[in-house]
Amino acid sequence: MTTYFVSDIHGQYPTFQQALQNTSFSLQNGDALYVIGDMVDRGPKSKEVLFHLLEMRQVYPDQVFLIKGNHEQMLQDWLQGQGNPELYLRYNGGDATIRSLLDDHPLRRAFLGRMPTQEEQDHARQVIMSRYPQLLPALASLPLYLELPADPRTDSPPVLLVHAGIRPHVPLSAQRPEDLLWIRQPFYEHYDGSLPVIFGHTPVDRLPDYSGKGPWKRNNIIGIDGGAGYQRGVLLLQWPTLEYWYTPVQNVQSVFTFANPNEKGWKV
């Protein structure tokens, strides 16, 4: 019964599968998995990552927990016709997710190498929402953070899991969603709270004074974005031992099956 944290898988499905195998992760043996946002975008198999994790959560709701990242929020906004589509599709890798969701539909080509027209985007939304009516409710239901209490059985301290971080000296209840999803330097350069925080969003090799392939640590905060969104790798962190596994993005064989091969879908 081991607890693992991971963030920023970014559509790198085979690498994520390999990372789970490397840790001998087993839901059947009672292990728990917390995914701290950015399951989608940039990588080629965003649909596979997201739907696989949603199925796992449905079968093992007390062991698999998913937190919203800024990329899940951008996908949700795009599906609702909100936000900045050019920022999402061209500059944040949303085009890869839309292609993944369109699968073999002819519209897929419109999201490859150029900015699709408004008409093409509207048509793509209709196709995706028709194929996957549970997708938007699932995205909307993702929490922005989770607080885990101390666990005397494993000598685990309380910890906050949040995708980007929190604004220092602001109560958790008063944090803005934009900060929880997007904040960078004000958090990791100035947070001095007593509550440990595990976060993703900023790749560890872009954090101050980082060296190596493991998580980034400073005071009570630990960064675990291994850079999969930039073809680097997936970091899995064991809690509370802080033992970690780094799996580089690569062309690996599919080695981790769905949580329940007979499961026919997922729901919120």
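In this predicted model, the buried residues of helix α3 are N70, H71, E72, Q73, M74, L75, Q76, D77, W78 and L79. Helix α3, which runs over residues 70-79, is thus mostly covered, with 10 of its 10 residues counted as buried. The cover over these buried residues is drawn from several elements, and includes strand β3 (64-67) together with the helices α4 (85-91), α5 (94-102), α6 (118-131), α7 (135-141) and α8 (177-182). Just after α3 the backbone reaches G81, a residue that takes a positive phi of about 70°.

One residue of α3, W78, also appears in the description of the nonpolar interior, where it is listed with L33, M39, L53, I98, I128 and L135 as having the most contacts inside the largest nonpolar core, a set of 48 residues. The largest share of this core, 6 residues, is contributed by helix α2, which covers residues 46-59. Another core, of 17 residues, lies apart from the largest one and has A164, I183, F199 and L207 among its members. Within the larger set, I128 may be followed in detail: leaving aside residues up to four places away in sequence, I128 touches W78, L79, I98, L101, L102 and L135.

A further position that can be described closely is V197, which lies in strand β6, a strand made up of residues 197-199. V197 is buried, its relative accessible area being 1%, and, when residues up to four places away in sequence are not counted, V197 touches V159, L160, V162, F187, Y191, N220, I221 and I222. By contrast with these contacts, the C-alpha atoms of V197 and S141, two residues that stand 56 apart along the chain, are separated by 22 Å.

Several features of the backbone geometry deserve separate mention. Most residues other than glycine have a negative phi, and most peptide bonds are trans. H10, although not a glycine, has a positive phi of about 50°; H10 is placed in the loop between β1 (3-6) and α1 (13-22). H169, likewise not a glycine, has a positive phi of about 70°, and is found in the loop between β5 (159-162) and α8. As to burial, H10 counts as buried because its relative accessibility, at 3%, falls under the 20% cut-off, whereas H169 counts as exposed because its value of 69% is over 50%. A cis peptide bond, with omega of about 10°, joins W239 and P240, and P240 is found in the loop between β9 (233-239) and β10 (244-248).

Taken as a whole, the protein chain has 9 helices and 10 strands. For a chain of 268 residues, a compact globule would be expected to have a radius of gyration near 18 Å, and the 18 Å of the protein chain agrees with this. Along the principal axes, the C-alpha trace spans about 55 × 40 × 35 Å. Of the 268 residues, 55% count as buried, and among contacts between residues at least 6 apart in sequence, 65% join residues at least 24 apart. The accessible surface of the chain comes to about 12200 Å², of which 48% belongs to carbon and sulfur atoms. As regards charge, the chain carries 23 positive and 28 negative side chains, and the centres of these two sets lie 5 Å apart.

Methods:
Residues are numbered from 1 along each chain as its sequence is written. This is a predicted model: local features need pLDDT of at least 70, side-chain atom pairs count only at pLDDT 80 or more; totals for chains, interfaces and linings use all residues. Side-chain values use heavy atoms; hydrogens and water are left out. Helices (H or I, at least four residues) and strands (E, at least two) are DSSP runs, numbered from the N terminus. The radius of gyration is taken over C-alpha atoms; the globule rule is 2.2 Å times the number of residues to the power 0.38. Buried means under 20% relative accessible area, exposed over 50%, partly exposed in between (1.4 Å probe, protein chains only). Contact means heavy atoms within 4.5 Å. Accessible areas come from the Shrake-Rupley method with a 1.4 Å probe; for residues, only the protein chains shown count as cover. Lys and Arg count as positive and Asp and Glu as negative; His and the chain ends are not counted. The place of a charge is taken as NZ of Lys, CZ of Arg, CG of Asp or CD of Glu. A nonpolar core is a set of buried Ala, Val, Leu, Ile, Met, Phe, Trp, Tyr and Cys residues joined through side-chain atoms within 4.5 Å.
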